[in-house]
Amino acid sequence: MIDAIGAAPVGMPASDTYTSLQRGVIDGLAFTWQPIQAFKLDELLSHHTNIPFYNSTFVITMNKDKYNSLPDDLKKVIDDNSGVELSKRIARVFDKSNEAAMAAARDKGDTMIDIPDPLNDANWKEPLLEGTQRYLEELEGLGLDGEAVYEKAKEASIACKV
């Protein structure tokens, strides 16, 4: 999608973004709000475009054999503190953190451009659709059914509105 809007994507660890911005190696970045404060990027950034085109996925896993080897009372502790409810609690923490970082940028006087519905925005629709199509074609080239996964992801997104 970055290509489709005419920019040149540069992959790098998040920890390198500050010096890369500072030295002019990159002109911008695609991040959620929280790392902007965490990596002190707010010291260098003054213009922000809010566009909901990403989802962050975090997974907490445990070795199945290890889980099965636990006594039932310890399995219950894990079961009672994981799953959908844990996911919702963690999401609220991230949402709160992102909101605080966004408010700090607004309070600082940064320029904010909000694109709440990019697929119905004349400037964003085509690049987003083009970027999505390129990605799906890359998946197909790897022998994966990208279109089927994409459709399931869209269904899950609609079903999981919190």
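Is Lys108 buried, partly exposed or exposed, and what is its relative accessibility? In this predicted model, Lys108 counts as partly exposed, at 44% relative accessibility. The residue belongs to helix α5, and its surroundings make a convenient starting point for a tour of the structure. Beyond its neighbours up to four places away in sequence, Lys108 touches Asp42 and Leu45. Ser46 lies 62 residues from Lys108 along the chain, yet the C-alpha atoms of the two are separated by 8.5 Å. The side chain of Lys108 also meets that of Asp110 in a salt bridge, with an N to O distance of 3.4 Å. The partners in this pair differ in their surroundings: Asp110 is counted as buried because its relative accessibility is 11%, below the 20% limit for that class, whereas Lys108 is partly exposed.

Other residues of helix α5 can be visited in turn. Arg106 is placed in helix α5 and is partly exposed, with a relative accessibility of 40%. Leaving aside residues up to four places away in sequence, Arg106 is in contact with Asn50, Met112 and Asp114. From C-alpha to C-alpha, Arg106 and Pro52 are 18 Å apart in space, with a sequence separation of 54 residues. Asn98 is also found in helix α5, but Asn98 is buried, at a relative accessible area of 14%. Its contacts, again without residues up to four places away in sequence, are Thr32, Trp33 and Gln34.

Trp33 leads from Asn98 to the nonpolar interior. With residues up to four places away in sequence left out, Trp33 touches His48, Asn50, Asn98, Ala101, Met102, Ala105 and Met112. Trp33 is also one of the 9 residues in the largest nonpolar core. The other members of this core are Leu21, Ile26, Ile36, Leu41, Leu45, Ala101, Ala105 and Met112. Three of the residues touched by Trp33, namely Ala101, Ala105 and Met112, are therefore fellow members of the core, given that a core is a set of buried nonpolar residues joined through side-chain atoms. A broader pattern provides the background: in soluble globular proteins, nonpolar side chains tend to be buried together. Some residues already introduced return here, as Leu45 of the core is touched by Lys108, and Met112 of the core is touched by Arg106.

Charged pairs come next. The structure contains 7 salt bridges. In one of them, the side chains of Arg134 and Asp3 meet at 3.7 Å, N to O. Arg134 belongs to helix α6 and Asp3 to the segment before α1 (17–22), so this salt bridge ties together parts of the chain that lie 131 residues apart in sequence. Both residues fall in the partly exposed class: the relative accessible area is 34% for Arg134 and 44% for Asp3. Another salt bridge is formed by the side chains of Lys88 and Glu85, at 3.9 Å from N to O. This pair sits within helix α5 (residues 84–108), where a spacing of 3 residues separates Lys88 and Glu85 by about one helical turn. Lys88 is partly exposed at 31% relative accessibility, and Glu85 is partly exposed with a relative accessible area of 47%.

The packing of two helices adds another part of the picture. Where do the axes of helix α6 and helix α7 come within 8 Å, and at what angle do they cross? Helix α6 spans residues 125–141 and helix α7 residues 146–159, and their axes approach within 8 Å while crossing at roughly 130°. The two helices are therefore oblique to each other. On the α6 side the contact is made by Thr132, Leu136, Leu139 and Glu140, and on the α7 side by Gly146, Glu147 and Tyr150. By type, these contact residues divide into 3 nonpolar, 2 polar and 2 charged.

A final detail concerns the backbone at Lys40. This residue lies in the loop between α2 (34–38) and β1 (47–50). Phi of Lys40 is near 60°, a positive value in a residue other than glycine. Lys40 is partly exposed, with 48% relative accessibility.

Technical notes. Residues are numbered from 1 along each chain as its sequence is written. This is a predicted model: local features need pLDDT of at least 70, side-chain atom pairs count only at pLDDT 80 or more; totals for chains, interfaces and linings use all residues. Side-chain values use heavy atoms; hydrogens and water are left out. Axes are lines fitted to C-alpha atoms, for helices over the stretch in contact, and angles run from 0 to 180 degrees between N-to-C directions. Helices (H or I, at least four residues) and strands (E, at least two) are DSSP runs, numbered from the N terminus. Angles under 35 degrees count as roughly parallel, over 145 as roughly antiparallel, 65 to 115 as roughly perpendicular and the rest as oblique. Contact means heavy atoms within 4.5 Å. Ala, Val, Leu, Ile, Met, Phe, Trp, Tyr, Cys and Pro count as nonpolar, Asp, Glu, Lys and Arg as charged, and the others, Gly among them, as polar. A nonpolar core is a set of buried Ala, Val, Leu, Ile, Met, Phe, Trp, Tyr and Cys residues joined through side-chain atoms within 4.5 Å. Buried means under 20% relative accessible area, exposed over 50%, partly exposed in between (1.4 Å probe, protein chains only). A salt bridge is a side-chain nitrogen of Lys or Arg within 4 Å of a carboxyl oxygen of Asp or Glu.
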